[in-house]
Amino acid sequence: MKWHEENINKMKSCRFDTIAVHGVYSMQEALDFNQGSIIEPMYMSTSQAYRDSDEMEAALGYEVPTWCYSRIANPSMYYLEGVLALLETYGTGVDASCIATSSGMAAIASAADNLLCVDHDDPDQKMNFVATCQVYGGTFQQFAMRKDEERNVEWRKVINSADINEWESLIDENTRFLYGEMPSNPGLAFFDLAEVCKLGEKYNLPVIIDATVASPALMRPLGYGADIVIQSVTKSLSTSGFGIGGALIARKNIRARFGSDEMKADFAMYLKTLPNRDNGPNISPMNAILAVNDIRTIRSRMDRLSRSTLKIAKHLEGHKHIEQVDYLGLESHPVHELAKKYLVLVDSEFDEQYNGEKVNRYGHLMSFRIKGTAQDTRDVFDAFERIWRATDLGRIKSVATIPAISTHSQQGEEGRKLADIPQTLIRLCVGGEHPDDIIADIDQALEVLDGKKISKSSPEYSAGGASSATLGW
Ligand SMILES: *Cc1c(COP(=O)(O)O)cnc(C)c1O
């Protein structure tokens, strides 16, 4: 529809917050189709009816715009996909489209599996992909087990992702894509994205970036030359925490050595209309709308949460029971300067409180290492009263986990060593509480190490960590 296209083009000239608030849903659409509803409706429906056989035939042949069946598309899904495509391309001049998925993992699988298709000119090719080893635990398992082990597709691990030569040395004629998570969860690994994208250009390989931790409010990888962005919509984007969701945002005309022209021209739309239609990993309309509603405030939230996290990180840096604080916003962090180049609060220069300047913001994820043993770490963790013990990220409530016994338990001691995740590391994702209250909670928990408090952990409770690990969070 022409007016719809015009509306999207008008949105493109708006600032980030305006796009986040309105997305692709206009007053005209509300009045013409949705009884004037000012909030995007949740279309809880499996399928679309057609006027007649001609319309049905054209719709199912993808000859006319249609949503047909909610495994493929649905208006509520579309509102989420539309706003994310706009936000990820904001200020980049890049044209992209988005497909929403049932989870972040489904988005990663959708991207990777479709770039790992058999090449009919060379059906016996032993494929590989080059990816950072500091990735989310679920991603580690998907790469190590589902691809490398079960499908004989080699995962070539980049150990030190800041070393661009290491990336290049792993690429050969059988490489299908380059993959990186930045900042990584929980290790906050960071690399020079523009340099990795140059390698993608040089070797004609698509670059996939999981930017979940930063969110588009702090970093938009498409603007540096990445081909595909992964978002776990569950995390920073959906602070309320009602449900799981994911998204894949791909530029038009991705680089790739293999695959059809159709696939390369519009990768997200190709996934939507073909492979994901057949594999069925798409998001539910309800989770899509819940996410749309949260995304409206992403910029101001990331600003505030980042400021709180920096305050907490600075406090902990000087604490006698803390061995090390890992936060990209600290000048002591080894890749602080690099992070500074990429993590910028979008539109801060238009925000009066920042006097027309661009400001850096480093997100809500940090970790700290306890000076002590694995058990000391569990004792501190068990003493939190305000901070929730949970494997989650991006919530409006502060949440902490010990990755070695939770998110990253399955990859084993060796895998954790590669990713630098010791047993004494507590990952903290800072929420919207006043930071002083979070500092007070951590301080009182650390007092268990003074012997002032008796540890709350019992052997039964500690064993509980292992059962959650088997579920693979
Ligand atoms: C949680 C997470 C994922 C997976 O997302 P789900 O929505 O839980 O499937 C992927 N990448 C990162 C960085 C994550 O934190």
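**Note on the two domains and the sheet**

1. Between domain 1 and domain 2 of this predicted model, the count is 1 salt bridge. The partners in a salt bridge are Arg299 and Asp17, whose closest N and O atoms are 3.0 Å apart.

2. Polar contacts add to this picture: 16 residue pairs, both members at pLDDT 80 or more, are in polar contact between domain 1 and domain 2. On the side of domain 1 that touches domain 2, the elements that give two or more residues are helix H2 (16–22) and helix H13 (285–295). Helix H2 provides the largest share of that side, namely 3 residues.

3. The division of the protein chain should be kept in view here. Domain 1 covers 2–125 + 213–295, while domain 2 covers 298–471. Their C-alpha centres lie 31 Å apart. Domain 1 brings 23 residues to the contact, and domain 2 brings 23 residues.

4. The size of an interface is often expressed as the accessible area lost when the parts come together. Between domain 1 and domain 2, about 1,900 Å² is buried, and carbon and sulfur atoms give 61% of this area. Which three residues supply more than any other three of the area that domain 1 buries against domain 2? They are Val213, Leu218 and Thr239, which together supply 34% of that area.

5. The next feature is a sheet. Is this sheet of 7 strands open or closed? The sheet is open, its strands follow the order S1-S7-S6-S5-S4-S2-S3, and the pairing is mixed. Strand S1 (96–101) and strand S3 (154–158) stand at the edges; each has a single partner strand, so one side of each is left without a neighbour in the sheet. From one strand to the next, the twist averages 20°.

6. One pairing within the sheet may be examined in detail. Strand S2 (residues 128–132) pairs with strand S4 (residues 175–181) in the parallel sense, over 3 bridges. In this region, Val130 stands opposite Leu178 of S4. Helix H7 (residues 137–151) packs on the sheet and touches S2, S3 and S4. The direction of helix H7 makes about 145° with that of S3.

7. A further helix concerns other strands of the model. Helix H5 (residues 75–89) lies across S1, strand S6 (228–232) and strand S7 (246–251). Relative to S1, helix H5 runs at about 135°.

Note on methods
Residues are numbered from 1 along each chain as its sequence is written. This is a predicted model: local features need pLDDT of at least 70, side-chain atom pairs count only at pLDDT 80 or more; totals for chains, interfaces and linings use all residues. Side-chain values use heavy atoms; hydrogens and water are left out. Two strands pair if DSSP finds at least two bridges between them. Helices (H or I, at least four residues) and strands (E, at least two) are DSSP runs, numbered from the N terminus. Axes are lines fitted to C-alpha atoms, for helices over the stretch in contact, and angles run from 0 to 180 degrees between N-to-C directions. Contact means heavy atoms within 4.5 Å. Domain bounds come from an automatic or database domain assignment. Buried area is the accessible area (1.4 Å probe) that two parts lose on being put together, summed over both. A salt bridge is a side-chain nitrogen of Lys or Arg within 4 Å of a carboxyl oxygen of Asp or Glu. A polar contact is a pair of N or O atoms within 3.5 Å; within protein, one must be able to donate a hydrogen and the other to accept it, and residues adjacent in sequence count only if both atoms are side-chain atoms.
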